[in-house]
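Biologist: Take me closely through one part of this model, the pockets and the packing around them. Please give the cut-offs as you go.

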Amino acid sequence: MTSYNFAQQADEIIGNYHLPNDLDIEIFKDNGKYLGKIIALNGFEDGQTNDINNPDNSKQNDLLIGKIIITNLEYDKEEKQWLNGKMYGPEKGMIFNLKITEIHQNEIEIVGSKYLFWKTMTWIRI
């Protein structure tokens with residue numbers, strides 16, 4: 001596989017997605033890693049627009065739109081997955097481990113974990 005094909009495969013994750021919690025995010029690449037920011041709230045948590053559940057009191061007035069909630073996601077060409085990511089969940093103010101296990105034309109499958117608990121979810125490409 002050429003490095004072009006590798007980069008093309010890794011970059012398949014770039015795009016906009018609708019999450020089960022009604023947030024829309026944009027996944028983009030920065031310095032070889034993938035990040036995600038909130039681009040729409042869609043009535044998230046009954047109209048919440050600020051990061052009111054952030055454990056850092058100084059960030060509780062921060063707007064959710066534009067907030068980076070996915071960091072450090074890297075493509076592993078052996079596993080063909082995006083690994084080592086962190087995701088901030090504004091509904092609980094918690095940070096989870098994140099990996100993206102499958103990508104399809106219109107959706108991706110992600111696994112979020114915290115301690116010994118994990119959850120698989122599907123995000124819809126928009």
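Modeller: What follows goes from the pockets to the salt bridges, then to the core and two single residues.

This is a predicted model, in which local features need pLDDT of at least 70 and side-chain atom pairs count only at pLDDT 80 or more, while totals for chains, interfaces and linings use all residues. Residues are numbered from 1 along each chain as its sequence is written, and side-chain values use heavy atoms, with hydrogens and water left out.

Start with the largest pocket, which holds about 480 Å³ of space. Its lining has 22 residues, and those closest to the centre are Gly89, Glu91, Phe96, Lys119 and Met121. (A pocket is an open set of points on a 1 Å grid over the protein atoms alone, where a 1.4 Å probe fits, with protein on both sides within 12 Å along at least five of seven lines; lining residues have an atom within 4 Å of a point.) (Grid points are joined across faces, edges and corners, and the volume is the space filled by probe spheres set on them.)

Four strands each supply at least two residues of this lining: β5 (81-89), β6 (94-103), β7 (107-114) and β8 (117-125). (Strands are DSSP runs of E, at least two residues, numbered from the N terminus.) β8 provides the largest share, five residues. By type, the lining of the largest pocket splits into 13 nonpolar, five polar and four charged residues. (Ala, Val, Leu, Ile, Met, Phe, Trp, Tyr, Cys and Pro count as nonpolar, Asp, Glu, Lys and Arg as charged, and the others, Gly among them, as polar.)

Now the second largest pocket, with about 190 Å³ of space. It is lined by 13 residues, and Asn54, Lys67, Ile68, Tyr88 and Ile95 are the closest to its centre. Two elements give two or more residues to this lining, β4 (68-76) and β5. β4 gives the most, four residues. The lining of the second largest pocket divides into seven nonpolar, three polar and three charged residues.

Lys67 leads on to the salt bridges. Its side chain meets that of Asp51 in one, at 3.2 Å from N to O. (A salt bridge is a side-chain nitrogen of Lys or Arg within 4 Å of a carboxyl oxygen of Asp or Glu.) Both residues lie in the loop between β3 and β4, so the pair ties together parts that are 16 residues apart in sequence. Lys67 is buried, at 14% relative accessible area. Asp51 is buried too, at 0%. (Buried means under 20% relative accessible area, exposed over 50%, and partly exposed in between, with a 1.4 Å probe and protein chains only.)

The salt bridge count is four. Another one joins Lys33 and Glu74, at 3.3 Å from N to O. Lys33 sits in strand β3 and Glu74 in strand β4, so this pair ties together parts that are 41 residues apart in sequence. Lys33 is partly exposed at 27%, and Glu74 is partly exposed at 28%.

Glu26 and Lys37 also form a salt bridge, with their closest N and O atoms 4.0 Å apart. Glu26 belongs to strand β2 and Lys37 to strand β3, so the parts tied together are eleven residues apart in sequence. Glu26 is partly exposed at 27%. Lys37 is partly exposed at 29%.

Next comes the packing. The largest nonpolar core has 24 residues, and Ile25, Ile27 and Trp123 have the most contacts inside it. (Such a core is a set of buried Ala, Val, Leu, Ile, Met, Phe, Trp, Tyr and Cys residues joined through side-chain atoms within 4.5 Å.) β2 (24-30), β3 (33-40), β4, β5, β6 and β7 each give two or more residues to this core. β4 has the largest share, four residues.

Leaving out residues up to four places away in sequence, Ile25 touches ten partners by name: Gly15, Asn16, Tyr17, Leu19, Lys37, Ile38, Ile39, Ile69, Ile70 and Trp123. (Contact means heavy atoms within 4.5 Å.)

Leu35 is in strand β3 and counts as buried, at 15% relative accessibility. With the sequence neighbours up to four places away left out, Leu35 touches Glu26, Ile27, Phe28, Asp30, Ile68, Ile70 and Thr71. Ile68 is also among the residues closest to the centre of the second largest pocket.

Finish in strand β8, with Thr122. It is partly exposed, at 35%. Thr122 and Pro20 are 102 residues apart in sequence, yet their C-alpha atoms are 7.6 Å apart in space. Beyond four places in sequence, Thr122 touches Pro20, Glu107 and Ile108.
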